[in-house]
Structures are given as C-alpha cells and as structure tokens.
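Work through the exercises below with the structure in view. Try each task before reading its solution.

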Amino acid sequence: YESGAFEQEILPVTIKGRKGKVTVVAKDEEANRKVSNISKLRPAFDRKNGSITAMNASTISDGAAALVLVSSKWLKARQREIDMVSPLCRLLASADAALEPMW
C-alpha cells in the first residue's frame, strides 16, 4: 500500500456534509490501523460497557454499494420490460475472506 501500487484501484469519493463541508476520501484508511491504538478508542455504542470501536468494527459497514446481478438469460427474457438496463460488466469470478482479530 505504501508503495502506491493500489492507487489506480482506489477512486476518490467526494462527500458533501450537512453544513456544506466537502470531504474527499482518496485512500484506504484501514491500511493505517495500528494495534497499539485499540485501547485508546472509546466504544461506539455502549460507552460504559461496550467493546465495539471504530478500529475493531467489521469493515463491512464502512461503505455502501448496490449491484444488480442477473443472468443474461433473465435479462433477455425481460428486455422489453426493462429497456433501460444494459450490462456494464461480466462477472467471471468472486471470492470473500475474513480474519479473526489478532488480539
């Protein structure tokens, strides 16, 4: 990550806040996590007894996306009903992975 090998893979996201402040996120914040900082963070939900912090929470909740995935057979059968839908890509493979916390 530090070498910039993934710069072409990460697109900047511009977010406009409630008061008009614009924030641009252009790098993966997770890459800068340090295990030594975990004990310094306050719990996000139950301030007194909670254990979920910004650092140990699931990264699944870090972003949002939408994907409509259909087979070409399904799309062809409904092309007249859904004339505004055009395939943007073809899914060739997929994978998912997760790790246990290291602490």
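**Exercise 1.** Why does Leu91 count as exposed?

Solution. Start with the setting: this is a predicted model. Locate the residue: Leu91 sits in the segment after α1. Now take the cut-off: exposed means over 50% relative accessible area. Leu91 has 53% relative accessibility, so it counts as exposed. Last, look at its surroundings. Leu91 joins Leu67 and Leu69 in a nonpolar patch on the surface. Together these three have about 360 Å² of accessible area.

**Exercise 2.** List the secondary structure elements of the chain in order, and say how confident the predictor is in them.

Solution. Count by type: the chain has one helix and two strands. Read from the N terminus, and the order is β-β-α. Next, turn to confidence. Strand β2, residues 22–25, has the highest mean pLDDT of the elements, 89. Helix α1, residues 72–77, has the lowest, 83. For the chain, the mean pLDDT is 76. Of its residues, 80% reach 70 or more.

**Exercise 3.** Describe how β1 and β2 are joined.

Solution. Find the direction: the two strands run antiparallel. Count the links: four bridges join them. Then name partners. Thr14 has Val24 in β2 as its bridge partner, and Lys16 stands opposite Val22. Finally, inspect the connection. The strands form a hairpin, with five residues between them. In the turn, Gly20 has a positive phi of about 90 degrees.

**Exercise 4.** Is Leu11 buried or exposed, and how far is it from Ala26 in space?

Solution. Place the residue: Leu11 lies in the segment before β1, which covers 13–16. Check its surface: the relative accessible area is 66%, so Leu11 is exposed. Now compare sequence with space. Leu11 and Ala26 are 15 residues apart in sequence. Their C-alpha atoms are 6.4 Å apart.

**Exercise 5.** Which residues does Arg42 touch, leaving out those up to four places away in sequence?

Solution. Begin with position: Arg42 belongs to the loop between β2 and α1. Its relative accessibility is 61%, so it counts as exposed. With sequence neighbours up to four places away left out, Arg42 touches Arg47 and Thr53. Take Thr53 further. It is eleven residues from Arg42 in sequence. From C-alpha to C-alpha, the two are 6.2 Å apart.

**Exercise 6.** What share of the chain is buried, and what share of the accessible surface belongs to carbon and sulfur atoms?

Solution. Take burial, with its cut-off of under 20% relative accessible area. Of the 103 residues, 6% are buried. Go on to the surface. The chain's accessible surface comes to about 10,400 Å². Carbon and sulfur atoms hold 55% of that area. Close with contacts. Consider those with a separation of 6 or more: 22% are between residues 24 or more positions apart.

Terms used. Residues are numbered from 1 along each chain as its sequence is written. This is a predicted model: local features need pLDDT of at least 70, side-chain atom pairs count only at pLDDT 80 or more; totals for chains, interfaces and linings use all residues. Side-chain values use heavy atoms; hydrogens and water are left out. pLDDT is the predictor's confidence in each residue, from 0 to 100. Patches are made of residues with over 30% relative accessible area and no salt bridge: like charges are joined within 9 Å, nonpolar side chains (Val, Leu, Ile, Met, Phe, Trp, Tyr) within 5 Å. Accessible areas come from the Shrake-Rupley method with a 1.4 Å probe; for residues, only the protein chains shown count as cover. A salt bridge is a side-chain nitrogen of Lys or Arg within 4 Å of a carboxyl oxygen of Asp or Glu. Buried means under 20% relative accessible area, exposed over 50%, partly exposed in between (1.4 Å probe, protein chains only). Two strands pair if DSSP finds at least two bridges between them. Contact means heavy atoms within 4.5 Å.
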